[in-house]
Amino acid sequence: MDTYRTTVLRRELDVRGVITVHYFEFARDYLFTGEAHPFWELLYVDKGSVMVDAGGKRYHLRHGELIFHQPDEFHTVVADGVNAPNLAVISFDCPSPSMDFFRGRLLHAGEAERELLSRILREAEAAFATPLDNPAVTCLKRADNAPFGSEQMIALLLEELLIGLIRRERGEQHAARITSTVKRRSGNELAARVIAYMEENAGGSLTFSDICRFSAQSATNLKTIFKSVTGMGVMEYYRRLKIEMAKKMLREGEGNVTQIADRLGYASVHYFSRYFKQATGMTPTEYTLSVQMK
């Protein structure tokens with residue numbers, strides 16, 4: 001009779017816990033004077049650009065780039081004075097020796113890494129009651145109605161992100177990554193074209209019919225493909241895009257509320273303010289003040 005033996009799986013990277021998970025929308029003159037702490041921290045630039053001082057070196061991080069701060073490394077962050085930055089910041093405990101790979105490294109996040117970061121933020125938002133945009137947070141508070149396994153998912157996603165970055169930089173990506181289906185690739189390309197079209201026409205009032213004509217897709221097909229890629233409906237994405245652009249304009253001081261509403265094609269400043277509050281929980285003025293306070 002055969003005797004089966006368990007192979008204990010090696011854990012090259014073991015994320016033991018997270019200290020904070022943040023997503024910030026800062027003003028273009030944002031300045032963080034610096035800190036050091038006994039755990040790892042990941043900083044990802046989702047929009048804009050920032051200057052980072054760490055370990056005696058200065059780094060210019062642009063959109064799509066990320067950096068890791070090793071334990072006890074003093075670091076500062078300064079916006080470039082032109083572009084209002086959106087930053088994802090995740091601090092975590094990972095004592096694995098393989099983390100040495102990330103010391104003093106500036107990396108670019110590809111599509112796979114951006115998706116993992118997005119999923120980590122979504123899981124954190126569901127797992128914890130602590131707001132992701134509060135810079136004063138030093139300890140996360142668990143949400144009462146957190147989805148099953150959400151904290152474990154954060155650790156797994158973060159480990160996948162770290163492993164993927166090391167493999168990519170070492171040129172060890174498996175061929176399976178290359179063999180993603182043509183259908184998925186074409187869906188991503190369609191969604192990207194539609195999003196670019198929305199961005200070009202953010203100052204107008206596109207209808208769903210306009211977008212269907214541009215995409216050369218039926219309404220049903222466009223809805224299905226777009227939602228599978230972005231996780232939301234076409235017009236919902238367009239409305240959110242306008243609000244994100246409005247937030248950026250407010251943070252960068254590109255006109256007053258009335259001027260911004262007009263530039264983004266809203267029928268009136270009152271309609272703009274009402275929808276802005278529905279989307280963000282704040283009026284445009286309240287949002288501007290909250291950014292300045294940070």
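Let's start with a loop: A216 lies between helices α5 (208–215) and α6 (219–230). In this predicted model, the phi angle of A216 is near 60°, which is a positive value in a residue other than glycine. That's worth a second look, since most residues other than glycine have a negative phi. Is A216 buried or exposed? With a relative accessible area of 65%, A216 is exposed.

D72 tells a similar story. You'll find D72 in the loop between β6 and β7 (75–79). Its phi is near 65°, again positive in a residue other than glycine. D72 has a relative accessible area of 58%, so it counts as exposed. Here are the two residues side by side.

| Residue | Loop | Phi | Relative accessible area |
|---|---|---|---|
| D72 | between β6 and β7 | near 65° | 58% |
| A216 | between α5 and α6 | near 60° | 65% |

**The five-stranded sheet**

Now for the strands. Strands of a sheet pair through backbone hydrogen bonds, and they can do this either parallel or antiparallel. Which order do the five strands of the open sheet take? Reading across, you get β1-β8-β3-β6-β9, and the pairing is antiparallel. The edges are β1 (17–25) and β9 (106–108), each of which pairs on one side only. On average, neighbouring strands here are turned by 20° against each other, ignoring direction.

Have a look at β6 and the strands beside it. On one side, β6 (residues 65–69) pairs with β3 (residues 40–47) in the antiparallel sense, over four bridges. Two positions help you line them up: E41 has H69 of β6 as its bridge partner, and Y44 stands opposite L66 in β6. β6 also pairs with β9, again antiparallel, and three bridges join them. There, the bridge partner of E65 is H108 in β9.

Why can we call β6 largely enclosed by the rest of the structure? Five of its five residues are buried, so the strand is largely enclosed. Both of its faces are covered: E65, I67 and H69 are buried on one side, while L66 and F68 are buried on the other.

Helices pack on this sheet too. Helix α2 (residues 150–170) lies across β1, β3, β6, β8 (86–93) and β9, and runs at about 95° to β9. Helix α7 (residues 234–251) touches β1, β3 and β8, with its direction making about 80° with that of β1.

**A glutamate in an edge strand**

Strand β1 also holds E25. Is E25 buried or exposed? Its relative accessibility is 12%, so E25 counts as buried. Two polar contacts are worth finding on screen. The E25 side chain makes one with the side chain of K247 at 2.7 Å, and another with the side chain of Y287 at 2.8 Å.

**The four-stranded sheet**

There's also an open sheet of four strands, in the order β2-β7-β4-β5, and its pairing is antiparallel. Its edge strands are β2 (31–35) and β5 (57–62), with each pairing on one side only. From one strand to the next, the twist averages 15°. To see a pair in this sheet, follow β4 (residues 49–54) next to β5: they pair in the antiparallel sense over six bridges. Within that pair, S49 has R62 of β5 as its bridge partner.

**Helix α9, two sides of one rod**

Finally, try helix α9 (residues 269–280). At 1.5 Å a residue, its 12 residues should span 16 Å, and its end C-alpha atoms are 16 Å apart, so the two values agree.

Which residues of α9 are buried? They are F272, Y275 and F276. These buried residues cover an arc of only 105° around the axis, which means they sit on the same side of α9. The general geometry helps here: an α-helix has 3.6 residues a turn, so residues three or four places apart point the same way.

What do the buried residues of α9 pack against? Their partners are α7, α8 (257–263) and α10 (284–293). On the face turned away from the buried side, α9 carries the exposed residues H270 and Q278. Just after the helix comes G281, which takes a positive phi of about 85°.

Definitions and conventions
Residues are numbered from 1 along each chain as its sequence is written. This is a predicted model: local features need pLDDT of at least 70, side-chain atom pairs count only at pLDDT 80 or more; totals for chains, interfaces and linings use all residues. Side-chain values use heavy atoms; hydrogens and water are left out. Two strands pair if DSSP finds at least two bridges between them. Axes are lines fitted to C-alpha atoms, for helices over the stretch in contact, and angles run from 0 to 180 degrees between N-to-C directions. Contact means heavy atoms within 4.5 Å. Buried means under 20% relative accessible area, exposed over 50%, partly exposed in between (1.4 Å probe, protein chains only). The expected span of a helix is 1.5 Å times one less than its number of residues. The arc is that of the directions from the helix axis to the C-beta atoms. A polar contact is a pair of N or O atoms within 3.5 Å; within protein, one must be able to donate a hydrogen and the other to accept it, and residues adjacent in sequence count only if both atoms are side-chain atoms.
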